[in-house]
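Subject: Structure for you to look over

Dear colleague,

I am handing over a structure that I would like you to look through with the notes below beside you. Please open it before reading on.

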Amino acid sequence: MKADERFTNRVENYHLYRPTYADKLLKDLENLKNPSGVNRIAEIGSGTGILSKQLLQAEWGVTGIEPNDAMRTVAEAKLKQFPDFYSIKGSAETTTLAADSIGIVLAAQAFHWFDPEAARKEFMRILRAKGKVVLVWNIRQHSTEFLKAYEDFLHRYSTDYQLVDHQRFDWKGVAYFFRNQYQRKEAPNSQLMDWQHLWGYYKSCSYALTQEHTDFDQSKTALHKIFDKYARRGHVDMFFHTIWYKGSLS
């Protein structure tokens, strides 16, 4: 399956159950604002608009570039109340934006799906002089017994988790993408999940078993057992670190 099609049948769960990003990321991005100019971010792979909404609430203008029609439609409906949100069908390699038109290019939970060299060429084309690129991920931690059990569960009940999990991404490739002109920052981020949220979060992942899979019902039973074992007051803590790389391409 093509990267831009992997989430088509997971859009509702993605929209409802994926985590937002750490507030410290938004505070750090404030340093890139131009007090006397237009502050607009091109978010590449903007998906259902999870980070787009946070950016808009922080008074950024956002141009969302998303190749997946289903995800883009959800974002457009969810963010229609924000006049500074523009939605475009495009990709990291072909954004359709004009040359020298954007001061900041950002990709959240998406860069590991890009063709890095083609994306780099396109970002350099659309960025204005001294423009910045910011690459963002929520990285799930393995710091508790629940999180370790959840990781083991994914190895048992997934299609291609070990191949596509971004935590196994070649992070040296990010450094090379920036040609080592970057800063790396991170901040803790967590989400309290009840059973419905945990199940929906799992189903939002591109490697999760779908209802057509012979082990789908078994996966639900197995995850519910983990939830029942580790939940406190009806919830489990899903711990992430929001990490981001910020730099120039020239």
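What follows goes from the whole chain to its aromatic rings, and then to a few single residues.

Please keep in mind throughout that this is a predicted model. The protein chain has 10 helices and 7 strands. Its radius of gyration is 18 Å, close to the 18 Å that the globule rule gives for 250 residues, so the chain is as compact as a globular protein of that length. Taken along the principal axes, the C-alpha atoms fill a box of roughly 55 × 35 × 30 Å. Buried residues account for 54% of the 250 residues, and the accessible surface comes to about 12,300 Å², with 49% of it belonging to carbon and sulfur atoms. If one takes the contacts between residues at least 6 apart in sequence, 78% of them join residues that are at least 24 apart.

The aromatic rings come next. A search of the whole structure finds 21 aromatic pairs. One of them is formed by Phe-146 and Tyr-230, a tilted pair with 6.3 Å from centre to centre and 55° between the planes. Because Phe-146 lies in helix α6 (residues 145-156) and Tyr-230 in helix α10 (residues 216-230), this pair ties together parts that are 84 residues apart in sequence. As for solvent, Phe-146 is buried, with a relative accessible area of 5%, whereas Tyr-230 is partly exposed, with a relative accessible area of 21%.

A further pair, that of Phe-153 and Tyr-202, is edge-to-face, with 5.1 Å from centre to centre and 70° between the planes. Here Phe-153 lies in helix α6 and Tyr-202 in helix α9 (residues 195-203), so the pair ties together parts that are 49 residues apart in sequence. Both Phe-153 and Tyr-202 are buried. Ring pairs also link these four residues into a cluster, whose members include Tyr-150, Tyr-157, Trp-195, Trp-199 and Phe-240 as well.

Two arginines are placed over ring faces. Arg-156 lies over the face of Tyr-157, at 4.5 Å from the ring centre, and Arg-179 lies over the face of Tyr-176, at 4.0 Å from the ring centre.

Arg-179 deserves a second look for its backbone, since it has a positive phi of about 55° although it is not a glycine. Arg-179 is found in the loop between α8 (171-177) and β6 (182-193), and at 29% relative accessibility it counts as partly exposed. Arg-233 likewise has a positive phi of about 55° without being a glycine. That residue lies in the loop between α10 and β7 (236-247), and Arg-233 counts as exposed, at 86% relative accessibility.

The last residue on my list is Lys-203, which lies in helix α9 and, at 22% relative accessibility, counts as partly exposed. Which residues does Lys-203 touch, not counting those up to four places away in sequence? With that exclusion, Lys-203 touches Arg-10, Asn-13, Ala-208 and Phe-216, and Phe-216 is itself a member of the ring cluster. Lys-203 and Lys-220 are 17 residues apart in sequence, while their C-alpha atoms are 9.9 Å apart in space.

With best wishes

Note on methods
Residues numbered from 1 in each chain as written. Predicted model: local features only at pLDDT ≥ 70, side-chain atom pairs only at ≥ 80, totals over all residues. Heavy atoms only, no water. Phe/Tyr/Trp six-rings, centres within 6.5 Å; stacked < 30°, edge-to-face > 60°. Helix = DSSP H or I, 4+ residues; strand = E, 2+ residues; numbered from the N terminus. Buried < 20%, exposed > 50% of the residue type's maximum accessible area, 1.4 Å probe, protein only. Lys NZ or Arg CZ within 6 Å of the ring centre and 35° of its normal. Rg over C-alpha atoms; globule rule 2.2 N^0.38 Å. Contact = heavy atoms within 4.5 Å. Areas by Shrake-Rupley, 256 points an atom, 1.4 Å probe, with all protein chains shown as cover.
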